[in-house]
Amino acid sequence: MTSPTDGYAEYDGDFYAWTLQTAQRLRSGCIDQVDLAQVAEEIEDMGKSDRRALESHLKILMLHLLKWRYQPSHRGISWRLSIANARDEISAILRDSPSLRPRLPELAASRYEGARKQAMLETGLAPSILPETCPFSVEQLLQEDDLPV
């Protein structure tokens, strides 16, 4: 009896070859030759990857919105571009994974403290100046052309 990994690229040795072989075996219906537990884990990781990317872009967005609001004398095109780029990336992720949209308040709240700390480091602003909780609603975060002041 053969195991699902006989003649199979090693998952840990050559991930790319493993993905190609697994896809080919699934398409041809050779499910008994596929490590289903590993496939399930990879699918879960893909979902986590979208969530992590969304969180990262939210943090960058909140960082630059904080700087925009609390350091108006330093506003410039680079902050505006960073805000526009983060919003564009967030929009693209939500277009591909709309089930993440209801989680936006939770994800923004979880990444706000990191954005706040980074804003303090980059600007030299005192902790008492920047709010302890996110001052931006989800609508403000996603508003294409709006820069909340």
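In this predicted model, Q71 touches L66, W79, T123 and L125, when residues up to four places away in sequence are left out of the count. The residue itself is found in the loop between α2 and α3. Because buried means under 20% relative accessible area, Q71, at 13% relative accessibility, counts as buried.

A second loop residue offers another case. I31 lies in the loop between α1, which covers 15–27, and α2, which covers 36–70. With a relative accessible area of 43%, I31 is partly exposed, since that class lies between the limit of under 20% for buried and that of over 50% for exposed. Together with L26 and L36, I31 forms a nonpolar patch on the surface, and the accessible area of these three residues together is about 250 Å².

The two loop residues may be set side by side as follows.

| Residue | Loop | Relative accessible area | Class |
|---|---|---|---|
| Q71 | between α2 and α3 | 13% | buried |
| I31 | between α1 and α2 | 43% | partly exposed |

Turning to the interior, the largest nonpolar core has 27 residues, and those with the most contacts inside it are L54, L58, L61, M62, L65 and L141. At least two residues of this core come from each of α2, α3 (77–96) and α4 (104–123), and α2 gives the most, with eight residues. For L54, the residues touched are I90, I93, L94, L100, L104 and L107, again not counting residues up to four places away in sequence.

As for the chain as a whole, it contains five helices and zero strands, so that from the N terminus on its elements run α-α-α-α-α. The radius of gyration is 21 Å, well over the 15 Å that the globule rule gives for 149 residues, and the chain is therefore more spread out than a compact globule. Taken along the principal axes, the box filled by the C-alpha atoms is roughly 70 × 25 × 25 Å.

Burial and contacts can be described for the chain in the same manner. Of its 149 residues, 34% count as buried, while the accessible surface comes to about 9,000 Å², with 53% of this belonging to carbon and sulfur atoms. Among the contacts between residues at least 6 apart in sequence, 65% join residues that are at least 24 apart.

Methods
Residues are numbered from 1 along each chain as its sequence is written. This is a predicted model: local features need pLDDT of at least 70, side-chain atom pairs count only at pLDDT 80 or more; totals for chains, interfaces and linings use all residues. Side-chain values use heavy atoms; hydrogens and water are left out. Patches are made of residues with over 30% relative accessible area and no salt bridge: like charges are joined within 9 Å, nonpolar side chains (Val, Leu, Ile, Met, Phe, Trp, Tyr) within 5 Å. Accessible areas come from the Shrake-Rupley method with a 1.4 Å probe; for residues, only the protein chains shown count as cover. A salt bridge is a side-chain nitrogen of Lys or Arg within 4 Å of a carboxyl oxygen of Asp or Glu. Helices (H or I, at least four residues) and strands (E, at least two) are DSSP runs, numbered from the N terminus. Buried means under 20% relative accessible area, exposed over 50%, partly exposed in between (1.4 Å probe, protein chains only). A nonpolar core is a set of buried Ala, Val, Leu, Ile, Met, Phe, Trp, Tyr and Cys residues joined through side-chain atoms within 4.5 Å. Contact means heavy atoms within 4.5 Å. The radius of gyration is taken over C-alpha atoms; the globule rule is 2.2 Å times the number of residues to the power 0.38.
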